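Here's a quick walk through one protein model, from the overall numbers down to a couple of odd backbone angles. Have a look at it first.

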Amino acid sequence: MSIVPLPSVSIVIPAYNEQDSIVACVTAVIEQTRSAHEIIVVDNRSTDRTVELVEQLQAAHPAAGIRLLRQDAEQGLVPTRNLGLDSATGEILGRIDADTILEPTWIDTLSRAFDRPEIGGATGPVLYYDLPFQDALHRTDDRMRRALGRISPDVRLLFGSNMALRASAWRAMRGEVCRDAADDFHEDIDLSIHLQQLGYEIVYDSDLVAGMSARRIDDTPKDYMSYVLRFERTYQAHGI
């Protein structure tokens with residue numbers, strides 16, 4: 001019986017002023033049990049040491065395939081993300097945040113999650129590495145996400161800090177995803193909607209674990225409410 005080769009995985013990391021987290025983020029990708037095809041950091045007008053630190057990582061790990069791109073045309077996550085996804089050459093495109101710390105088996109798990117051509121996206125639970133009771137919170141997060149999948153099996157949502165797309169699926173929906181120039185939406189929900197509108201499936205895998213910061217809770221009440229209302233604005237914009 002022939003062995004089907006595992007798909008190549010590109011990791012795309014949009015970054016804006018992430019000097020406090022970018023080294024740990026990229027290092028966690030470098031130290032995976034299965035190497036990434038490439039690691040793409042897309043800097044978006046950072047004014048701190050983000051670019052300098054990524055360049056140091058490139059010099060220290062020449063075999064890791066670290067690529068540093070600059071998106072200086074405009075400020076914003078969506079155009080920065082899009083440049084990274086458009087530039088990636090892997091068959092699977094992992095899209096994480098600059099404060100994400102992947103568990104060591106993330107790429108290996110991800111490679112096996114895309115086992116059918118109709119699967120266009122994959123996501124998993126998170127581990128809040130800067131909060132107490134991490135294990136309990138992780139188990140709760142996983143249970144909640146699996147419960148949502150059972151309640152609404154036809155609608156799966158990608159989670160921005162821990163998600164991946166099949167490259168061919170990204171190319172298919174590239175012209176459909178919302179531009180969101182006003183920065184009103186949750187870009188991961190927008191991706192989820194357009195992906196499923198094209199007939200692709202999104203799978204949830206409990207073993208696809210990514211650590212993330214809980215820094216959102218440090219927002220002012222006004223900023224946090226604006227963040228929460230992005231859900232409603234995103235669904236309304238898509239007629240849902």
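What follows covers the whole chain, its cores, one strand and two loop residues.

First, the ground rules. This is a predicted model, so to speak of local features takes pLDDT of at least 70 and side-chain atom pairs count only at pLDDT 80 or more, while totals for chains, interfaces and linings use all residues. Residues are numbered from 1 along each chain as its sequence is written, and side-chain values use heavy atoms, leaving out hydrogens and water.

The protein chain has eight helices and 10 strands; these are DSSP runs numbered from the N terminus, with helices being H or I over at least four residues and strands E over at least two. Of its 240 residues, 47% are buried, meaning under 20% relative accessible area, with exposed being over 50% and partly exposed in between (1.4 Å probe, protein chains only). Among contacts (heavy atoms within 4.5 Å) between residues at least 6 apart in sequence, 81% join residues at least 24 apart.

Now the inside. A nonpolar core here is a set of buried Ala, Val, Leu, Ile, Met, Phe, Trp, Tyr and Cys residues joined through side-chain atoms within 4.5 Å. The largest one has 31 residues, and Ile11, Ile13, Ile22, Trp106 and Leu110 touch the most other members. Elements that each supply at least two residues of this core include strand S1 (9-15), helix H1 (22-30) and helix H4 (106-113). Leaving aside residues up to four places away in sequence, Ile22 touches Ile13, Ala15, Val41, Leu53, Val54, Leu57 and Ala98. A second, separate core of 19 residues includes Ile40, Leu165, Ala167 and Ala169.

How is strand S8 covered on its faces? Met163 and Leu165 on one side and Ala164 and Arg166 on the other are all buried. S8 (residues 163-166) also pairs with strand S4 (residues 92-95) in the antiparallel sense over four bridges; strands count as paired if DSSP finds at least two bridges between them. Leu93 has Leu165 as its bridge partner. S6 and S8 run antiparallel too, joined by three bridges, and Thr123 stands opposite Met163.

Finally, two residues with unusual backbone angles. Most residues other than glycine have a negative phi, yet these two non-glycines go positive:

| Residue | Phi | Loop | Relative accessible area |
|---|---|---|---|
| Asn17 | about 50° | between S1 and H1 | 28%, partly exposed |
| Arg45 | near 60° | between S2 and H2 | 35%, partly exposed |
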